[in-house]
Amino acid sequence: MEKYLILNTLNYPILSMLLIVPVVGAIIAMFLRGDTLQKYWSLAVTLITALISVPLWTCFDKSTAKYQFVELRRWFPDLNLDYVVGVDGISMLLVLLTTFVMPLCVLCSWNYIKIRIKEFMVVMLLMEAAMIGVFISMNTVLFYIFWEGMLVPMYLIIAIWGGDRKDYASIKFFLYTFAGSIFLLVSIIALYINTGTFFIPELMAHTYSFSFQMWVFIACALGFAIKMPMFPFHTWLPAAHVQAPTAGSVILASILLKMGGYGFLRFCLPITPAATYYCVPILLVMSLISIIVGGYLALGQTDIKKLIAYSSVGHMGFVTLGIFLLNTGGIKGAMLQMINHGVTTGALFILIGLIYERTHSREISDNSKLGMIMPIYVTFLGIFSLSSLAFPGTNSFVGEFLVLFGAFEKYPLVGALAIPGAILAAAYMLRLLQKMVWDDSDGHAHHGDDSRSIADCNAREFVQLAFLTVFVFWIGLHPTPLLDVMDTSVAHLISQVEAGSVIPEVVRTGEHHALLHDAGVWIKSIVSF
Amino acid sequence: MLNTVFLPEMALMFMVLVMFFMTLGNLRTGVIQGVTLAMSAVVLVVAFASYGANGLLFYDAYQVDMLSQLFKIIILSGLFLIYALGRGLVGIEPKLHAEYNMFLGISALGLVFLSSSVELLAILLSLEISSYALYVVIPFRQGQGRMSAEACIKYIMFGAIATGLTLYGMGYIFGLAHTTYLNELAVVIPSLVATQPLGVIAMVLVLICFLYKLAMFPMHFWTPDVYQGAANETTSIIATLPKVGAVLLLLRLVAVAGADITQYTWVLATFAVMSMTFGNLTALVQTDLKRLLAYSSIAHAGYVMLGIMTADLLGMAAAVFYIIGYLLMNLGCFYVIYNVAPEGQNVTFDDLKGLSRRSPLLAMTLLVAAFGMAGIPPTIGFVGKFVVFTGAINKGFYALVIIGVINAAIAMFYYLKMARAAYCGADDEKDPILMPIGSKALGVFFILAIILIGVLPQEFMAAAKEAVALLL
């Protein structure tokens, strides 16, 4: 087991602390009284968690693809199940994204959440622990525990603090993702029975028969595609996004959607490489459809939140496109695109929540002509809109460029088909920006007849947005540090996929209909009784 | 010798005797409950003390071993929790409180005997002791004359039919094998089941009584009406303790039939699939919480069967673990039902609305128990499902596991409904629910037990494995 990992050399268990601090914070929060105290306490806990996570970046060893900061403890020896957590170049960035977005989520709920503040903060902190857990688990069962456990707080966030149709949206969210990921459990157990281990790097090292790989791939990919969400499975997303409170939307967009991509990178590609190769055409087509359909649907929305939700479908299409190109540019671009989407779309949802607190409407028409009244707000709106449509100089440009670069390198046609998606993004974002900032305004503030008195951003809101703006330009202008961090891990991943895909190449034609064959045997065995 | 191995039974019998004398006096409910609770705690301690004892009694018909002692501990813990959660016995006729507790004790006594019985007649006898005590307590419900009478009649009728069928099966087995001792049957039955259709029929018929107790297809029809008609306290015992006993006997009987009997496995697999699917689909539309739990228990029986029918170490240990989790989570739900209904009435989803304001603890308990039964990590329910599925896939039952997980997804909907009812809605503010400190502690206990055993299952699983290893 040790050949895959580097044990934690810091003098404290950094990853376990990332899990424990929010949970302990949540338990203490249950006993605190007073809403203001609750808010400050949660902010403090999330900030401390963010601070604890900083050494992951500073002490990270970029030269190795092994898992780092690993902690290993016996847990359930009967099933050879250990508590083992660690990060590599792929998961480390997502952990940091989580820990840094969470304080913003607390801040953007400061005035938005009016009822049951204590419960809200407790649920948010538990959510943070579960999300970090997903990214640091190196054990399939641990991964599944956090993956499913996360649904409960997210469900509560939507179901209790959501909008008018919260019942519908929360149940749809829960059932959709639960039904998708329950098959993940079957494949986790099937892998265990096959290999005798739950430890992910060892699962990657095994080779499996092609038909077994196909079953595992389908079971996993279904769960991840729903979480992502990819085209035919995306319908839960707009409902959940629109009904969730601001913090819920930010968590959904910034972190939850990334778990699908992370799952593909961690499970599907390295564990079932041959099946991945086999399914690449289907998944590329689904990604392209996601990009075009997401953008096209976003074009027609009048609800700002829905518009951003559909734009997420399109952006995540770029991520899956990058992942299934299976080359360096594609996967690196996809990783970067995930981080970018977390920053940019998170910020856009904060902006929407901010205006909703003031006008109590999410319709574009009710929130138009803000340019003269809210100069700071529209500045941020402009920056993040441009970032969302991948304007050069902003973060998303780098990610999309890398993905498209990878696409043209491998399948020029795919790249060409993805271009309209980028154009659509410009169309709907610029339309949104135009309506919200200018519309038919003549460029003067009419304090007389325009009776709306909408306050501009206050210091708290300014800090949140300014913090994210830093990342927009940092990644946009100087993405090298991030790309360097994931370099070794991505190269290792690609070598794993290529190594795994070589052997079954011969078998592939013979086992072409292995799936059908398997199903046939089952049906026969059932019928014969 | 007799004393050490027979100590839990002696203690329990002594407790029943004391309660019998209490029925003669005219005591207040508080006193009755206090004495009962204290005595059942002592019995539980004694059961723990006798864990690890070994011995054969009564012409080898009564076997004390790790398995039987583990199940005695489970049953007596359940009994203690049931006494504790029904603290005021509000759903029971006031003048029958002492009798009520006595009959619950007798029922548990029957189940404790059952856990050690390894001979067909001893099994039947213990089972009937336990059943008759429960037949008696169902009509003790206060103020619901017709409904509880109907529940009682249904329970008795189905129970009688099930017992009859089981006896019929035992007759076949005795005719085929010329013995009634399980350890001797284990030698001859596997070959009989493999060669003679009559062997399969006999072994299935013997199971009927335990399928009835477990509320499993095809003997599940009584469940919803009895759950609904019996008092909340009574339902909490019907839903848990007899099922624990039934699981043990199913384990013993399936182990007797041997591991590699295809026809037998197919019969059990059909029962399991039908039970899961029927239970879950019907539960979707229920509004009465107890009825919903009835259908959900039918579904859970299917999952337990999935573990039992593997007939190997991992799967059977998984079934034992699963039933421990089932007991805790179900009692957690009944704890909430009991406290939401101060007059002992049935609880519907409308009654649950706004529960999180009226009593955050009850809402939290219901949330944890519901998500536990749905199998969401990190709860005991998740680990239970996980080990059961692992055992089943280990045996190659892929199709059954896939049906099982699809069912888990369906079941999620009604468990979510429970959680949603507790945390959402309620425009009209009802009064907060006040509970004494002991009752609150019980709620905290349920929450912690469901989560902590889910996080640290090792000890329980190891105990379960050690116990079922004796069967194989």
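Two strands count as paired if DSSP finds at least two bridges between them; helices (H or I, at least four residues) and strands (E, at least two) are DSSP runs numbered from the N terminus. This is a predicted model, in which local features need pLDDT of at least 70 and side-chain atom pairs count only at pLDDT 80 or more, while totals for chains, interfaces and linings use all residues. Residues are numbered from 1 along each chain as its sequence is written, and side-chain values use heavy atoms, with hydrogens and water left out.

**Exercise 1.** Determine the strand order of the sheet in chain A and its edge strands.

*Solution.* Step 1: the order is E1-E2-E3, in an open sheet with mixed pairing. Step 2: strand E1 (5-7) and strand E3 (81-87) each pair on one side only and are the edges. Step 3: neighbouring strands are turned by 50° against each other on average, direction ignored (axes are lines fitted to C-alpha atoms, for helices over the stretch in contact; angles run from 0 to 180 degrees between N-to-C directions).

**Exercise 2.** Describe how E2(A) joins E3(A), and place helix H5 of chain A against them.

*Solution.* Step 1: E2 (residues 67-76) and E3(A) run antiparallel and are joined by six bridges. Step 2: one bridge pairs A:Gln68 with A:Val87 of E3(A). Step 3: helix H5 (residues 140-149) lies across E2 and E3 of chain A, at about 75° to E3(A) (contact means heavy atoms within 4.5 Å).

**Exercise 3.** Locate A:Met30 and classify its accessibility.

*Solution.* Step 1: A:Met30 belongs to helix H1 of chain A. Step 2: its relative accessibility is 36%, so A:Met30 is partly exposed (buried is under 20% relative accessible area, exposed over 50%, partly exposed in between; 1.4 Å probe, protein chains only).

How values were computed. Chains are lettered from A and ligands numbered from 1 in the order in which they are written.
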